[in-house]
Each structure stands twice: as C-alpha cells, then as structure tokens.
Amino acid sequence: MLDLHLLDLTFSDMTYGKLETHWDFRRFLYVGGAGTNVRIVDERIEAGLLGLPIEGRIELVRQIHEVFANFLGRGGRRGTAATFIEKLKFFFEWADKTGAVLNMESVASCYLDWTDSLLQRVRTGNGLSEHSAYSYGSVVGWLLDRLLGRSKPIVKTTRLRPSKPGARAVSAKADKQNLEETFAFGHFLLDISDGLSPDAIWGPLPVRIPLRNGTVLEEWSGLKAPQTRKVLNQKFL
C-alpha cells in the first residue's frame, strides 16, 4: 500500500487563520472520516479510531484533491470550494453507511446509486427537498465530470431534475421546509452571534468569527479607513 506519509492531501498554499482548521482530504480515506467533525478527525485518525485507510480509495481521493487544487489554482473562489467539499462529504458519508466500494472504476456507478438514494429521500419526505437533492447531485457531478474527463454532465444521466419555480413537492412531507438546511443556517447565525462580541465589533479589522465546521469567517468593512464600522454593522447587526 502507498505510504500515506508521502501522499499530500492538504492545501498547503492556502492561508489559514489562527482558529481555522486546515483542509485535509485524508479523512475521505477512512470509513467514518467524512462524517467526523473536522476539528477532531485528525486526532481520531492518528489514534487509530477510524481503522486503516481504504487502499482502493487512495487514487480516487488523490485525484479529487487534484481537481480542487487546480480549481483554486486557477482563481476559483475558496468559499465555492468549501461548499463543494461539504456536498462531497455527503457522498462519502453515504458510501460509508451503505458499504459502497468507492474507487476510480466504481465511482460513476456509485454516484448513480447515491443520486437514486437522494431521490428516494425526496419522495418519502425524509428531510430533503427536490431542490437540495439536485444541488447535491449537480455539485458532485461537476467534480466527477472533471475527474473522469466527461463531455456530457453526469448529472444528466441521473433521475434528478432541477425543481421548477413554484412547483409543488413530490409528497406532502417533502413540501415542508428542509429541516437539515434550516438547522445548518441556524447554526451559522448562532456562530455569528456568539462571535460578535463588543470587542470584535469595535476592535481592529478584520473581524474573525470561528464557525463550527472548522472554518473562520473573516470580514473587512470594504473601506480604507480601519476605524469605519458602518458597513460591517449594517451587515451583521
């Protein structure tokens, strides 16, 4: 098996804040790694609590890392990459829970099975809207298109379809607001509220707010004078 110490799955060229967790795709090599909190996953790996890395995933994860590194290297937005990684985690979590074998040869067929499971959740009203299901599928599909050198978007080979404006959900339960997204947004707002102490609001820029997903929200006023707080206050208060 390839020596993982020789395999760099980090993003060492990125600048991180003091409280920000460094990005490391090593977590995707382990069963349960995608679903483990980013702040503790490294120590759980080192302690052997996630077992051994899955050898068949190594090349797949290495190439996924390369796609993201190229995206960022070409000027892709870091926030966009973070959103894509969050959706990629759902794909790996599904594989970990179902026992699906993920590797370069099987990733396309696994992706189709995963999108079918998303559609099933929509139809049974299991906490997922049609819009969210398509969003997950299209983002991971974007990644696989680049990974596999596809000319036709793989999401078009699935049964997922973008929801039409004003269209009703497939079921009465699916018509309800997506609780997962509501909780995630609520957690985001709570992190901002907790991080906006008086010292943070009126202190020197930038304001740095640690989020529970391991990233740090860094906000500048957008004005040259560091004492000017009007824009920041209007945005957060």
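Let's start with the rings: this predicted model has twelve aromatic pairs, counting rings whose centres lie within 6.5 Å. One of them brings together Phe28 and Phe92, with ring centres 4.7 Å apart. Their planes meet at 35°, so the pair is called tilted. In sequence these two are 64 residues apart, with Phe28 in the segment before helix 1 and Phe92 in helix 3, and the pair links distant parts of the chain. Both Phe28 and Phe92 are buried.

Tyr111 and Trp114 make another tilted pair, this time at 6.1 Å centre to centre and with 50° between the planes. Here the partners are local: both lie in helix 4, three residues apart, or about one turn of the helix. Are they buried or exposed? The cut-off for buried is under 20% relative accessible area. Tyr111 comes in at 0%, so it is buried, and Trp114, at 2%, counts as buried too.

Now put the pairs together. Ring pairs join Phe28, Phe92, Tyr111 and Trp114 into a cluster that also includes Phe11, Trp23, Phe25, Phe68, Phe91 and Trp94. One of these rings, that of Trp23, has a charge sitting over it: the charged end of Arg78 is 5.8 Å from its centre. The charged end of Arg78 also sits over the ring of Tyr16, 5.3 Å from that ring's centre.

Next, the nonpolar core. In soluble globular proteins, nonpolar side chains tend to be buried together. In this model, the largest nonpolar core has 51 residues, and the members that touch the most others are Phe25, Ile64, Phe68, Phe91 and Phe92. At least two core residues come from each of helix 1 (41–46), helix 2 (58–73), helix 3 (78–98), helix 4 (107–123) and helix 5 (130–148). Take Phe68 as a guide: beyond its neighbours within four places in sequence, it is in contact with Phe11, Phe25, Ala81, Phe84, Ile85, Leu88 and Leu143. Apart from the largest core lies another one, of six residues, including Leu205, Val207, Ile209 and Leu211.

Finally, step back to the whole chain. It has eight helices and two strands, and along the sequence they run α-α-α-α-α-α-α-β-β-α. Of its 237 residues, 42% count as buried. If you look at contacts between residues at least 6 apart in sequence, 58% of them join residues at least 24 apart. On the outside, the chain exposes about 13900 Å², and carbon and sulfur atoms supply 55% of that area.

Technical notes: Residues numbered from 1 in each chain as written. Predicted model: local features only at pLDDT ≥ 70, side-chain atom pairs only at ≥ 80, totals over all residues. Heavy atoms only, no water. Helix = DSSP H or I, 4+ residues; strand = E, 2+ residues; numbered from the N terminus. Buried < 20%, exposed > 50% of the residue type's maximum accessible area, 1.4 Å probe, protein only. Contact = heavy atoms within 4.5 Å. Areas by Shrake-Rupley, 256 points an atom, 1.4 Å probe, with all protein chains shown as cover. Core = buried A, V, L, I, M, F, W, Y, C linked by side-chain atoms within 4.5 Å. Phe/Tyr/Trp six-rings, centres within 6.5 Å; stacked < 30°, edge-to-face > 60°. Lys NZ or Arg CZ within 6 Å of the ring centre and 35° of its normal.
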